[in-house]
Amino acid sequence: MKFIRGNHPVEYEALKNLQHTHVVPHFRNGNSFIMNMRPIRKFVSQYMFRKNIREDNLTVFMMSKVGGPNPITFRQYMNKYTTNQKLYEKKLEEARGRIKNIMGKLYLHGWSHSNLHDQNLIVQLNSNGNIVRMWAIDFGMAKKIKKENTNIPENNRNLAALYGFTANNFRRIQGIRAH
């Protein structure tokens, strides 16, 4: 379950449009709603968000848990291999194809994540510690793109920029450690 302050129709629309692509958490139509929290705003501010909020609405998504019983972020996964450069590079190379697949599916469905980084990628591992599935999460900054006006860039850096990778996250995916 995900709670978001305010109305977030773009995040809902992105997740709804990307269902059955196998790169986002699954949720059914009707499994999200916006509730008016004006009567309980003080409670929600204090106990859920730990800061004073001004929004009257709270958006709630009920999604399936991704990543199996022990989901981890892509950053956590890669941090396991920072002491062994060869293994780090091998694991990174294996993950590149999955990340490009996610970015391609977003593009084909007309969406830009706009904040894709190693903390917004969840991985599921097999018993050998290899990635078997990967999902993109947190579509709060997603943008609808016009496919007919946007060619898939040949250059990976352009593709990364289109999907909101920061310079450090792009370098991490390219195998260059960010400092």
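Me: How many residues does the largest nonpolar core have, and which residues have the most contacts inside it?
Reply: In soluble globular proteins, nonpolar side chains tend to be buried together. In this structure, which is a predicted model, the largest nonpolar core has 29 residues, and those with the most contacts inside it are Phe74, Tyr77, Leu121, Met134 and Phe139. The elements that give two or more residues to this core are α1, α3 (74-79), α4 (85-108), β6 (121-125) and β7, and α4 gives the most, with 7 residues.

Me: With which residues is Met134 in contact, leaving aside its neighbours within four places in sequence?
Reply: Once those neighbours are set aside, Met134 is in contact with His22, Val23, Phe74, Ala95, Arg98, Ile99, Ile102, Leu121, Ile122 and Val123. Two residues of that list, Phe74 and Leu121, also belong with Met134 among the residues that have the most contacts inside the core.

Me: What span should α4 have, and what are its end C-alpha atoms found to give?
Reply: The idea is to compare an expected rise with the distance between the ends: at 1.5 Å a residue, the 24 residues of α4 should span 34 Å, and its end C-alpha atoms are 34 Å apart, which agrees. That agreement should be read together with the local geometry, since α4 also has a kink of about 25°, centred on Ala95.

Me: Which residues of α4 are buried?
Reply: With buried taken as under 20% relative accessible area, the buried residues of α4 are Tyr88, Lys91, Leu92, Ala95, Arg96, Ile99, Ile102, Met103, Leu106 and Tyr107. Ala95, on which the kink is centred, is therefore one of the buried residues of this helix.

Me: What is found at the start of α4 and just after it?
Reply: At the start of α4, a side-chain oxygen of Asn84 reaches to within 3.2 Å of the backbone nitrogen of Lys86. Just after α4, Gly110 takes a positive phi of about 80°.

Me: Which residues other than glycine take a positive phi, and where do they lie?
Reply: Most residues other than glycine have a negative phi. Two cases can be picked out here, one of them His20, whose phi is near 70° and which lies in the loop between α1 and β2 (32-36); at 67% relative accessibility, His20 counts as exposed. The other is Asp138, with a phi near 60°, placed in the loop between β7 (131-136) and β8 (143-144); at 33% relative accessibility, Asp138 counts as partly exposed.

Me: Where do the buried residues of α1 fall when seen down the axis of the helix?
Reply: In α1, which covers residues 9-17, Glu11, Ala14 and Leu15 are buried. Seen down the axis of α1, these buried residues fall within an arc of 95°, so they line one face of the helix. Pro9 is also found in α1, but at 52% relative accessibility Pro9 counts as exposed.

Me: Which residues can be cited as apart in sequence and yet separated by a stated distance in space?
Reply: Pro9 and Gly140 are 131 residues apart in sequence, with a C-alpha to C-alpha distance of 9.2 Å. Ser112 and Ala14 are 98 residues apart in sequence and 9.1 Å apart in space, C-alpha to C-alpha, while Gly68 and Asn126 are 58 residues apart in sequence, with 9.8 Å between their C-alpha atoms. Of these residues, Gly68 lies in the loop between β3 (57-61) and β4 (72-73) and, at 26% relative accessibility, counts as partly exposed.

Me: Is Ser112 buried or exposed, and which side chain does its own side chain join in a polar contact?
Reply: Ser112, whose place is in strand β5 (residues 111-112), is buried, with a relative accessible area of 3%. A polar contact of 3.3 Å joins the side chains of Ser112 and Ser114.

Me: How many helices and strands are there, and what pattern does the protein chain follow?
Reply: There are 6 helices and 8 strands in the protein chain, and, read along the sequence, the chain follows the pattern β-α-β-α-β-β-α-α-β-β-β-β-α-α. Of its 179 residues, 39% count as buried. Among contacts in the protein chain between residues at least 6 apart in sequence, 69% join residues at least 24 apart.

Technical notes
Residues are numbered from 1 along each chain as its sequence is written. Side-chain values use heavy atoms; hydrogens and water are left out. Helices (H or I, at least four residues) and strands (E, at least two) are DSSP runs, numbered from the N terminus. Buried means under 20% relative accessible area, exposed over 50%, partly exposed in between (1.4 Å probe, protein chains only). The arc is that of the directions from the helix axis to the C-beta atoms. A nonpolar core is a set of buried Ala, Val, Leu, Ile, Met, Phe, Trp, Tyr and Cys residues joined through side-chain atoms within 4.5 Å. Contact means heavy atoms within 4.5 Å. The expected span of a helix is 1.5 Å times one less than its number of residues. The bend at a residue is the angle between axes fitted to the seven residues ending there and the seven starting there. A polar contact is a pair of N or O atoms within 3.5 Å; within protein, one must be able to donate a hydrogen and the other to accept it, and residues adjacent in sequence count only if both atoms are side-chain atoms.
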